[in-house]
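Let's take a walk through this fold together, one piece at a time. Have the sequence and the 3D view at hand as you read.

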Amino acid sequence: MEDESGIANVIVTPDLYERQRLLVTRSKFLMAEGLLQNQDGVIHVKAMHLRALSDSALELSSHDFH
């Protein structure tokens with residue numbers, strides 16, 4: 001997962017993946033909710049819930065941050 005503030009890893013456990021396999025493999029955009037972890041300066045989100053996001057509801061315009 002990446003945004004203008006940096007990169008974070010989303011950890012999906014095998015049991016969550018099995019329960020949400022179709023969602024994970026077929027969705028263009030996902031929202032992951034879970035615990036935020038900072039381990040040795042590396043950011044992780046340990047996913048507890050996953051939800052598909054509709055691409056029509058997202059703002060997809062480009063931003064120039066410089």
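Two strands are said to pair if DSSP finds at least two bridges between them. The helices (H or I, at least four residues) and strands (E, at least two) are themselves DSSP runs, numbered from the N terminus. What you have here is a predicted model, where local features need pLDDT of at least 70, side-chain atom pairs count only at pLDDT 80 or more, and totals for chains, interfaces and linings use all residues. Residues are numbered from 1 along each chain as its sequence is written, and side-chain values use heavy atoms, with hydrogens and water left out.

With that settled, here is the overall plan. The protein chain has 2 helices and 5 strands, and following the sequence you meet them in the pattern β-β-β-α-α-β-β. There are 66 residues in the protein chain, and 11% of them count as buried. Buried means under 20% relative accessible area, exposed means over 50%, and partly exposed is in between (1.4 Å probe, protein chains only). How do distant parts of the sequence meet? Among contacts (heavy atoms within 4.5 Å) between residues at least 6 apart in sequence, 45% join residues at least 24 apart.

Now for the sheet. Strands of a sheet pair through backbone hydrogen bonds, either parallel or antiparallel. In this model, 3 strands form an open sheet in the order E3-E5-E4, and the pairing is mixed. The edges are E3 (9-11) and E4 (29-39), each of which pairs on one side only. From one strand to the next, the twist averages 45°; the axes behind that number are lines fitted to C-alpha atoms (for helices, over the stretch in contact), with angles running from 0 to 180 degrees between N-to-C directions.

Look at E4 and E5 (residues 42-53), which pair in the antiparallel sense over 11 bridges. Along this pairing you can pick out partners: Met31 stands opposite Arg51 in E5, Ala32 stands opposite Leu50, and Glu33 stands opposite His49. Another spot to check is Leu53, which lies in E5. The C-alpha atoms of Leu53 and Phe29 are 5.3 Å apart, although 24 residues separate the two along the chain. Leu53 counts as partly exposed, at 28% relative accessibility.

Where E4 turns into E5 there is a hairpin with 2 residues between the strands. Asp40 is found in this loop, and its phi is positive, about 55°, although it is not a glycine. Asp40 is also exposed, with a relative accessible area of 79%.

On the other side of the sheet, E3 and E5 run parallel and are joined by 3 bridges. Here Val10 stands opposite Val45 in E5. His44 is found in E5 too, and is it buried or exposed? His44 is buried, with a relative accessible area of 14%. Not counting residues up to four places away in sequence, His44 touches Asn9, Ile11, Leu35, Leu36, Gln37 and Gln39.

Just ahead of E3, have a look at Ala8, in the loop between E2 and E3. Ala8 is buried, with a relative accessible area of 10%. Leaving aside neighbours within four places in sequence, Ala8 is in contact with Met1 and Ile43. The C-alpha atoms of Ala8 and Val42 are separated by 7.3 Å, and the two residues are 34 apart along the chain.

Ala8 also leads us to the largest pocket, since Met1, Glu2, Ala8, Val10 and Leu30 are the closest to its centre among the 14 residues that line it. The volume of this pocket is about 300 Å³. For the search, a 1 Å grid is laid over the protein atoms alone: a cavity is a set of points where a 1.4 Å probe fits but cannot get out, while a pocket is an open set with protein on both sides within 12 Å along at least five of seven lines, and lining residues have an atom within 4 Å of a point. Grid points are joined across faces, edges and corners, and a volume is the space filled by probe spheres set on the points.

Which strands supply the lining of the largest pocket? E1 (2-3), E2 (6-7) and E4 each supply at least two residues, and E4 gives the most, with 3 residues. The lining divides into 10 nonpolar, 2 polar and 2 charged residues. Ala, Val, Leu, Ile, Met, Phe, Trp, Tyr, Cys and Pro count as nonpolar, Asp, Glu, Lys and Arg as charged, and the others, Gly among them, as polar.
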